[in-house]
Amino acid sequence: MARIVEGAIPSPNIWNSPRTYELENRAVDPDGAVDAAISGIRPWTGGIVLDIGCGAGYHLPGFAATASKVIGVEPHSGLAALAAERCRGLPRVSVRAATAQALPVPDGSVDVAVARWAYFFGPGCEPGLRELSRVMRRGGAAFVVDLDATRGAFGTWFSRTVPSYSAPAVEAFWSRQGWQRRELDLRMVFTSRADLEAVLRIEFTPAVAEEAIAQTQGLELPYPNVLRWRLY
Ligand SMILES: C[S@@+](CC[C@H](N)C(=O)[O-])C[C@H]1O[C@@H](n2cnc3c(N)ncnc32)[C@H](O)[C@@H]1O
């Protein structure tokens, strides 16, 4: 049984189906648009990177290729173990079981913080934002990458799956916090229809997933995202 650190927001896609979520990570953003956008704002080369809600650690090796140190934080013990296993042999990477609300890193120590597909950063995440203010180094930057539910078929399928999610409330929250935003037109590209269909089935309710599958031709689908960031 996985232990889950108190304060974690349930994440059924990766908690219940980590293998399928791995397929999703492999499919998303073959163009590297997220990393290019982050690097254009505040590169992590030579710096200390914090990946908040790192899941099974898919993105940790990429950061470690040029960062001086990478810390992955993940509240689900099973996923944190998968992330640590993935990064065995990468001495600059460590993984900690913790939440965004209680980051296990010293004050003023992080150059680049990234929370990717981290809906736990939205309305109500003020404790996590206070923690970011504590741990970020002057000159550093924190980034939140997430689905843009206001755009495209993917946004519609998501909104129907999570009717309690209010895109205008999320937008208003971030603009009150003074974070900047930029739209990212990402794509998912799969190597088989079976993988594409499996991923849509972990993201949406059964009825919405079947509609999404019927409406998607081939192996590719648009994945509209928004990048939000704050400089410290
Ligand atoms: C959709 S997954 C994304 C995982 C990873 N960022 C990736 O791109 O593969 C969201 C992750 O956030 C974690 N999470 C949930 N609540 C959290 C919190 N309060 N603080 C930090 N991470 C959290 C979940 O356990 C889950 O692994």
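**View 1. N25 and E74 meet oxygen atoms of the ligand.** A polar side-chain atom of N25 sits 2.8 Å from an oxygen atom of the ligand. This is a predicted model. E74 also places a polar side-chain atom by a ligand oxygen atom, at 2.6 Å. The backbone contributes too: an N or O atom of the A100 main chain lies 2.9 Å from a nitrogen atom of the ligand. The protein covers 99% of the 600 Å² of accessible area that the ligand has on its own.

**View 2. A shell of 23 residues surrounds the ligand.** The closest of them are I9, W15, N25, G53 and E74. By residue type, the shell divides into twelve nonpolar, nine polar and two charged residues. Which element gives the most to this shell? Helix α1 does, with three residues. The elements that supply two or more residues are α1 (12–16) and α2 (18–27).

**View 3. Helix α9 spans residues 193–203 and has a buried side.** Its buried residues are D195, L196, E197, V199, L200, I202 and E203. Acidic residues are thus listed here next to leucine, valine and isoleucine. What do these buried residues pack against? Their partners are the helices α1, α2, α7 (152–161) and α10 (206–215), plus the strand β7 (220–231). Two of these partners, α1 and α2, also give residues to the shell around the ligand.

**View 4. D29 has a positive phi in a loop.** The loop connects α2 and α3 (33–41). Phi of D29 is near 60°. D29 is not a glycine. Most residues other than glycine have a negative phi. Is D29 buried or exposed? Its relative accessible area is 12%, so D29 counts as buried, the cut-off being under 20%.

**View 5. W117 is another non-glycine residue with a positive phi.** Here phi is near 50°. W117 lies between β4 (110–116) and α6 (126–135), in the loop that joins them. W117 is buried, and its relative accessible area is 12%.

**View 6. G57 is a buried loop residue.** The loop runs between β1 (48–52) and α4 (60–64). Relative accessibility at G57 is 0%, so this glycine counts as buried. Which residues does G57 contact, once neighbours within four places in sequence are left aside? They are A83 and R86. How far is G57 from A100, whose backbone was shown with the ligand in View 1? The two are 43 residues apart in sequence and 16 Å apart in space, C-alpha to C-alpha.

**View 7. The whole chain sets the close-ups in context.** The chain has ten helices and seven strands. Its C-alpha atoms fill a box of roughly 50 × 40 × 35 Å along the principal axes. The radius of gyration is 17 Å, and a compact globule of 232 residues would have one near 17 Å, so the two agree. Of the 232 residues, 50% count as buried. Contacts reach far along the sequence: among those between residues at least 6 apart, 76% join residues at least 24 apart. The chain exposes about 10,700 Å². Carbon and sulfur atoms supply 54% of that area.

Definitions and conventions:
Residues numbered from 1 in each chain as written. Predicted model: local features only at pLDDT ≥ 70, side-chain atom pairs only at ≥ 80, totals over all residues. Heavy atoms only, no water. Near = heavy atom within 4 Å. Polar contact = N/O pair within 3.5 Å; in protein donor to acceptor, adjacent residues only side chain to side chain. Areas by Shrake-Rupley, 256 points an atom, 1.4 Å probe, with all protein chains shown as cover. Helix = DSSP H or I, 4+ residues; strand = E, 2+ residues; numbered from the N terminus. Nonpolar A, V, L, I, M, F, W, Y, C, P; charged D, E, K, R; others polar. Buried < 20%, exposed > 50% of the residue type's maximum accessible area, 1.4 Å probe, protein only. Contact = heavy atoms within 4.5 Å. Rg over C-alpha atoms; globule rule 2.2 N^0.38 Å.
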